[in-house]
Every structure is written in structure tokens, then in C-alpha cells.
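Open the model in your viewer and keep the sequence panel beside it. The stops below each give a selection to make and then say what is found there.

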Amino acid sequence: MTKHEFLQFLADYRATYGPIKDRDMLGKLGVSRATYFRIKKRGGDKVLALACAALMHNIKRYGEK
């Protein structure tokens with residue numbers, strides 16, 4: 001996932017679900033603050049792309065009720 005794709009995900013997520021602060025989004029993604037801001041600068045891997053897709057479709061964690 002490129003940084004541009006991640007930034008587009010953030011824009012799409014906010015357009016769909018309303019405003020969300022960076023600290024709340026990093027909690028949803030399960031990453032540290034430093035990792036989150038690194039992703040915003042450099043992008044991430046396939047796992048991040050899948051996590052973003054799951055968030056966009058409001059899919060809960062496996063086993064979560």
C-alpha cells in the first residue's frame with residue numbers, strides 16, 4: 001500500500017464514517033503512533049491494505065461478536 005493509497009483510504013473513511021482523529025484511527029489499525037505516522041509518510045504492506053479494506057467495510061476482528 002503506497003502512502004497515496006493510505007491517504008486516500010483515510011479520506012474515504014472520513015467521507016463514509018465521519019471525522020476521526022489520527023489517534024483513534026491508529027487504535028483501529030492497532031499500530032503505534034510512530035508506526036502510524038511512518039505509514040502516512042512511506043506507505044505500508046499488504047497486511048495494512050487488508051486491514052484498511054476491513055475497516056472500510058466495517059468488518060470486525062475475527063471472533064469478535
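Helices here are DSSP runs of H or I with at least four residues, numbered from the N terminus. The model is a predicted one, and with the helices named in that way, N58 can be placed in the segment after α4.

**Stop 1: the segment after α4**

Select N58. Its phi is near 55°, a positive value in a residue other than glycine. N58 is exposed, at 53% relative accessible area. Next select R61, which is also placed in the segment after α4. R61 has 61% relative accessibility and counts as exposed. Draw a distance from the C-alpha atom of R61 to that of A51: the two residues are ten apart along the chain, and the separation is 9.7 Å.

**Stop 2: the largest pocket**

Keep N58 and R61 selected and add Y13, K28, L29, A51, A54, L55, I59, K60 and E64; together these residues line the largest pocket. The volume of this pocket is about 360 Å³. Which elements give two or more residues to its lining? They are α2 and α4. The most comes from α4, with three residues.

**Stop 3: L29 and the nonpolar core**

Leave L29 selected and show its surroundings. Leaving aside residues up to four places away in sequence, L29 touches F6, Y36, L48, A51, C52 and L55. A51 and L55 are also among the residues that line the largest pocket.

L29 belongs to the largest nonpolar core, which has 13 residues. Along with L29, the residues with the most contacts inside this core are F6, F9, M25 and Y36. Colour the chain by helix to see where the core comes from: α1 (3-17), α2, α3 and α4 (46-56) each give two or more residues to it. The largest share is that of α1, at four residues.

**Stop 4: the aromatic rings**

Now show the rings of F6, F9, Y13, Y17, Y36 and F37, which form one aromatic cluster. Over the whole structure, a search finds five aromatic pairs. Two of them are worth a closer view.

Start with F9 and Y13. This pair is tilted, with 5.8 Å centre to centre and 55° between the planes. The two residues are four apart in helix α1, so about one helical turn separates them. Are F9 and Y13 buried or exposed? Both are buried.

Then move to Y36 and F37. Their rings form an edge-to-face pair, at 5.3 Å centre to centre and with 85° between the planes. The angle counts as edge-to-face because it falls in the class of planes over 60 degrees apart. Y36 is buried, with a relative accessible area of 0%, while F37 is partly exposed at 29%.

**Stop 5: the salt bridges**

Switch to the charged side chains. How many salt bridges does a search of the whole structure find? It finds two.

Select D22 and R14 for one of them: their side chains meet in a salt bridge with an N to O distance of 3.1 Å. R14 is partly exposed, with a relative accessible area of 28%, and D22 also counts as partly exposed, at 21% relative accessibility.

Keep D22 and add K40. These residues form a salt bridge too, the closest N and O atoms being 3.2 Å apart. D22 lies in helix α2 (residues 22-29) and K40 in helix α3 (residues 33-42), so this pair ties together parts that are 18 residues apart in sequence. K40 is partly exposed, with a relative accessible area of 23%. Through shared partners, the salt bridges join R14, D22 and K40 into one network.

**Stop 6: A49 and the start of the chain**

For the last selection, go back to helix α4 and pick A49, which is found there. A49 counts as partly exposed, at 30% relative accessibility. Add M1 and draw the C-alpha distance: A49 and M1 are 48 residues apart along the chain, and their C-alpha atoms are separated by 5.7 Å.

Technical notes:
Residues numbered from 1 in each chain as written. Predicted model: local features only at pLDDT ≥ 70, side-chain atom pairs only at ≥ 80, totals over all residues. Heavy atoms only, no water. Salt bridge = Lys/Arg side-chain N within 4 Å of Asp/Glu carboxyl O. Buried < 20%, exposed > 50% of the residue type's maximum accessible area, 1.4 Å probe, protein only. Core = buried A, V, L, I, M, F, W, Y, C linked by side-chain atoms within 4.5 Å. Contact = heavy atoms within 4.5 Å. Phe/Tyr/Trp six-rings, centres within 6.5 Å; stacked < 30°, edge-to-face > 60°. 1 Å grid on protein atoms, 1.4 Å probe; cavity = no way out; pocket = protein on both sides within 12 Å on 5 of 7 lines; lining within 4 Å. Points joined across faces, edges and corners; volume = space filled by probe spheres on them.
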